[in-house]
Amino acid sequence: HAYALQTISTILEKRPMTDERRAEWETLAALQVRLLVSYESLRGGWGYYSTYPHTRPPTHWATSFMTASVLIAFHDAQEAGIEVPRGTVATALRAVNIARSPDGAFTYTVRYIKEPTAEPNRGAGSMSRSQACNLSLYLWDDPKVTNATFTRWLDRLISRIGWMDMERKRPTAHTGQYQIASYYYYYALYYAGRVIDELPADQRPFYQGQLAQILIDRQDGDGSWWDFPLYDYFQSYGTAYAIMSLQRCLPDDPDAQ
């Protein structure tokens with residue numbers, strides 16, 4: 001639902017259309033918003049299993065990165081003129097802040113009692129989801145996330161990409177160092193690209209070049225990108241993430257390249 005809403009928002013912003021067609025898209029967007037609101041956790045935020053653990057919605061379970069992804073989609077929707085419930089946004093922002101540790105890492109699950117020393121919750125385990133979490137807070141005007149926050153976590157992602165490379169294409173999740181799952185790989189790079197969009201113009205080229213090189217080096221011979229053998233659509237989602245990331249590596253002034 002988050003990515004459906006994000007896609008509709010992009011269409012509404014980028015594509016010319018008749019008033020009738022726009023109304024159809026806006027109706028679809030409103031449906032996605034309603035569904036997201038209905039699946040929100042009692043703690044605020046969202047998990048990727050809507051009924052985990054085996055209960056009917058609303059559930060009590062949420063993760064930091066899924067909540068961040070929805071918050072970013074909500075912000076994209078608002079920018080496209082779609083109405084977003086501010087109460088839902090407020091409780092989701094609280095959930096992401098609950099998951100934020102003093103060192104700036106984000107725990108996997110939204111819990112009132114944190115487990116900051118658990119492997120997936122440490123800085124190395126968090127670097128794949130910190131891009132999205134930081135961005136979600138920033139877009140909704142949280143003063144704790146600054147330009148320095150963005151560059152610090154981008155530097156960590158770039159310099160420690162080897163931790164994630166060790167997991168990429170593994171058929172099992174959360175089994176390696178810091179329990180980093182391989183399906184985080186292109187997710188993390190996509191949101192890194194979105195973070196780069198928010199940097200001052202003079203800082204973007206360095207990070208655009210670094211991100212582009214990581215992506216180019218990991219393209220497979222058939223032209224696709226993938227990180228986890230998930231059913232039959234792993235190449236589709238991996239390649240889509242990679243293309244959207246590469247778009248954000250293009251220079252603001254093509255003549256200056």
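The largest cavity of this predicted model is lined by Leu154, Leu157, Ile158, Leu189, Ala192, Ile196, Leu211 and Ile214. About 40 Å³ of space lies in this cavity, and the count of cavities of 30 Å³ or more comes to two. Helix 6 (147-159), helix 8 (185-197) and helix 9 (204-217) each contribute at least two residues to the lining of the largest cavity. By class, that lining has eight nonpolar residues, no polar residues and no charged residues.

**Pockets**

The largest pocket holds about 1,600 Å³ of space. Its lining comprises 42 residues, and those nearest its centre are Ala2, Tyr3, Ser69, Tyr187 and Tyr241. Helix 1, helix 3, helix 8 and helix 10 (234-247) each supply at least two lining residues; helix 1 gives the most, with nine residues.

The second largest pocket has a volume of about 210 Å³. It is lined by 12 residues, of which Pro205, Gln208, Cys249, Leu250 and Pro251 are the closest to its centre. Helix 9 gives the most to this lining, with five residues.

The composition of the three linings is set out below.

| Lining | Nonpolar | Polar | Charged |
|---|---|---|---|
| Largest cavity | eight residues | no residues | no residues |
| Largest pocket | 24 residues | 10 residues | eight residues |
| Second largest pocket | eight residues | three residues | one residue |

**Packing of helix 1**

Two packed helices are described by the angle between their axes and the distance between the axes. The axes of helix 1 (residues 2-14) and helix 2 (residues 19-38) cross at roughly 155° and come within 9 Å. Helix 1 and helix 2 are therefore roughly antiparallel to each other, and helix 1 passes helix 2 in a left-handed crossing. On the side of helix 1, the contact is made by Ala2, Ala4, Leu5, Ile8, Ile11 and Leu12, while helix 2 contributes Arg22, Trp25, Glu26, Leu28, Ala29, Gln32, Val33 and Leu36. These contact residues divide into 11 nonpolar, one polar and two charged.

Helix 1 also packs with helix 3 (residues 64-79), at an angle of about 20° and with the axes 8 Å apart. Helix 1 and helix 3 are therefore roughly parallel to each other, and this crossing is likewise left-handed. Helix 1 makes the contact through Ala2, Tyr3, Leu5, Gln6, Ser9 and Glu13; from helix 3 come Met66, Ser69, Val70, Ile72, Ala73, Phe74, Asp76, Ala77 and Glu79. By class, this contact has nine nonpolar, three polar and three charged residues.

Notes. Residues numbered from 1 in each chain as written. Predicted model: local features only at pLDDT ≥ 70, side-chain atom pairs only at ≥ 80, totals over all residues. Heavy atoms only, no water. Axes fitted to C-alpha atoms, helices over the stretch in contact; angles between N-to-C directions. Helix = DSSP H or I, 4+ residues; strand = E, 2+ residues; numbered from the N terminus. Parallel < 35°, antiparallel > 145°, perpendicular 65-115°, else oblique. Left-handed = near helix turned anticlockwise from the far one by under 90°. Contact = heavy atoms within 4.5 Å. Nonpolar A, V, L, I, M, F, W, Y, C, P; charged D, E, K, R; others polar. 1 Å grid on protein atoms, 1.4 Å probe; cavity = no way out; pocket = protein on both sides within 12 Å on 5 of 7 lines; lining within 4 Å. Points joined across faces, edges and corners; volume = space filled by probe spheres on them.
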